[in-house]
Amino acid sequence: RYYNSGTFHSSPVAFMAYTLLADQLRHETVGDLLWLACIGVTDAFIHNRLDLSGYVKLAMDLQGKIEKVYPDLSAEDRFRERMANTMYAEDLYGGAGSST
């Protein structure tokens, strides 16, 4: 019966690793680990191992941590940086009409 009850996924390991290690690491290392936590949470959401509400909760938590690690960036600067680094599916796959 247990095996037929469905599946369950925990929080992404990258997020848990950041949460456990962030206070013990030097400041220069924390940014890299924070970036990996963001990637891990996004990957879990993209691959349906995290639902939307779980993703939003973890993303908001990470946003607060980003603001602590990088206090010099204003919200407008973060938005501009995010927009400059945005890649759309059409760019990745060579346009909507291509057959690859």
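Along the sequence, the chain of this predicted model follows the pattern α-α-α-α-α. Five helices and zero strands are present in the chain. Of the 100 residues in the chain, 20% are buried. Contacts between residues at least 6 apart in sequence include a 46% share that joins residues at least 24 apart. The chain exposes about 8,200 Å², and carbon and sulfur atoms supply 58% of that area.

**Helix α2 and its nonpolar patch**

Helix α2 spans residues 27–46. W35 lies in helix α2 and contributes, together with L36 and I39, to a nonpolar surface patch of about 340 Å². The relative accessible area of W35 is 56%, and because exposed means over 50%, W35 is classed as exposed.

**The aromatic pair**

The ring analysis yields a count of one aromatic pair. Its members are F45 and Y55, whose rings are stacked, with 4.5 Å centre to centre and 20° between the planes. The angle falls under the 30 degrees that defines stacking. The pair links distant parts of the chain, since F45 belongs to helix α2 and Y55 to helix α3, 10 residues apart. F45 has 29% relative accessibility and therefore counts as partly exposed. Y55, at 23% relative accessibility, also counts as partly exposed.

**The loop between α2 and α3**

Which residues bound the helices on either side of the loop that holds N48? The preceding helix is α2 (27–46) and the following one is α3 (52–69), with N48 in the loop between them. The phi angle of N48 is near 60°, a positive value in a residue other than glycine. Is N48 buried or exposed? N48 is exposed, because its relative accessible area is 67%, and the threshold for that class is over 50%.

**Salt bridges**

Side chains of opposite charge can pair when their charged atoms come close. How many salt bridges does a search of the whole structure find? The search finds two. They are set out below with the separation of the nitrogen and oxygen atoms.

| Salt bridge | N to O distance |
|---|---|
| D43 and R49 | 2.6 Å |
| D61 and K65 | 3.7 Å |

Both distances fit the criterion, which places the side-chain nitrogen within 4 Å of a carboxyl oxygen. In the bridge formed by the side chains of D43 and R49, D43 counts as partly exposed because its relative accessibility is 31%. R49 has a relative accessible area of 34% and is therefore partly exposed.

The bridge between D61 and K65 is placed within helix α3. Why are D61 and K65 separated by about one helical turn? The two residues are four residues apart in helix α3, which means a separation of about one helical turn. At 33% relative accessibility, D61 counts as partly exposed. K65 is likewise partly exposed, with 21% relative accessibility; because buried means under 20%, K65 does not count as buried.

**Summary of the features**

Helix α2 holds W35 of the nonpolar patch and F45 of the stacked pair. Helix α3 holds Y55, the partner of F45, as well as D61 and K65. The loop between these helices contains N48, with its positive phi.

Definitions and conventions:
Residues numbered from 1 in each chain as written. Predicted model: local features only at pLDDT ≥ 70, side-chain atom pairs only at ≥ 80, totals over all residues. Heavy atoms only, no water. Buried < 20%, exposed > 50% of the residue type's maximum accessible area, 1.4 Å probe, protein only. Patch = residues over 30% accessible without salt bridge, like charges linked within 9 Å, V, L, I, M, F, W, Y side chains within 5 Å. Areas by Shrake-Rupley, 256 points an atom, 1.4 Å probe, with all protein chains shown as cover. Phe/Tyr/Trp six-rings, centres within 6.5 Å; stacked < 30°, edge-to-face > 60°. Contact = heavy atoms within 4.5 Å.
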